[in-house]
Amino acid sequence: MAWVEELFAVRDAKDQQAFAAIFGHFAPRVKAFLMKSGASPDLAEEVAQEVMATLWRKAHLFDPAKASVSTWIFTIARNRRIDILRKQRRPEPEDLPWGPEAEPDQEDVLALQQESKQLAEALAALPDKQKDLIVRAYYGDLTHSEIAEQTGLPLGTIKSRIRLALERLRHQMK
């Protein structure tokens, strides 16, 4: 139950001395935890500051029945680290292309048209039972389970027919 009383003092009275004690103990440990998980020292320092600020603002959310103070604090740190990693992987708006895209090469357009025509012919040549399932799965964006619900067919039958149809399409597209 270490640190619970201090956290309750922060929650109930915005006790700055209790917060200072929690901060002094946990901030360096959170920073070290973040650095061990791959964060740079500057980023780890910034995130540790944010975690402590979150603790100050959201102390009322702490429930000692669910977790210890240290578990709660390190969970906040881990979640904040995940948020930063996701943000880093997301392209910034200035990285996204703006305006009309370049016109595709005419050879590519012609090849795509020919492949589309060949696929349409291959689909038309499929048995009706297989063609219906392919259309539902790929053009209707339905899962195999959803198709089973709609058609009343067993899931195994649907999977087998789709697999056979795809094999036929692959063979005809060569």
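Y139 sits in helix 6, in what is a predicted model. With a relative accessibility of 56%, Y139 counts as exposed, the cut-off for that label being over 50%. Y139 also has company out there: together with V135 and Y138, Y139 makes up a nonpolar patch on the surface. The accessible area of these three residues adds up to about 330 Å².

Stay on helix 6 and look at Q130, which belongs to this helix too. Is Q130 buried or exposed? Its relative accessible area is just 9%, so Q130 goes down as buried, given that the label applies under 20%. Leaving aside residues up to four places away in sequence, Q130 touches R161, L164, A165 and R168.

One of those contacts, A165, takes us to helix 8, where A165 is among the buried residues, along with I158, I162 and L169. Seen down the axis of helix 8, the buried residues fall within an arc of 65°, so they line one face of the helix. What do they pack against? The partners are helix 5 (106-125), helix 6 (128-139) and helix 7 (144-151). Turn to the face of helix 8 that points away from the buried side, and you'll find the exposed residues R163 and H171.

The length of helix 8 makes for a quick sanity check. Helix 8 covers residues 155-173, which is 19 residues, and at 1.5 Å a residue they should span 27 Å. The expected span uses one less than the number of residues, in case you're redoing the arithmetic. The C-alpha atoms at the two ends are 27 Å apart, so the model agrees with the expected value.

Now for a couple of backbone oddities in the loops. As a reminder, most residues other than glycine have a negative phi. Which way does K14 go, positive or negative? Its phi is near 50°, a positive value in a residue that isn't glycine. You'll find K14 in the loop between helix 1 (4-13) and helix 2 (16-36). With a relative accessible area of 39%, K14 is partly exposed.

D141 is the other one to look at, with a phi near 55°, again a positive value in a non-glycine residue. D141 lies in the loop between helix 6 and helix 7. The relative accessible area of D141 is 65%, so D141 counts as exposed.

How values were computed
Residues are numbered from 1 along each chain as its sequence is written. This is a predicted model: local features need pLDDT of at least 70, side-chain atom pairs count only at pLDDT 80 or more; totals for chains, interfaces and linings use all residues. Side-chain values use heavy atoms; hydrogens and water are left out. Helices (H or I, at least four residues) and strands (E, at least two) are DSSP runs, numbered from the N terminus. Buried means under 20% relative accessible area, exposed over 50%, partly exposed in between (1.4 Å probe, protein chains only). The arc is that of the directions from the helix axis to the C-beta atoms. Contact means heavy atoms within 4.5 Å. Patches are made of residues with over 30% relative accessible area and no salt bridge: like charges are joined within 9 Å, nonpolar side chains (Val, Leu, Ile, Met, Phe, Trp, Tyr) within 5 Å. Accessible areas come from the Shrake-Rupley method with a 1.4 Å probe; for residues, only the protein chains shown count as cover. A salt bridge is a side-chain nitrogen of Lys or Arg within 4 Å of a carboxyl oxygen of Asp or Glu.
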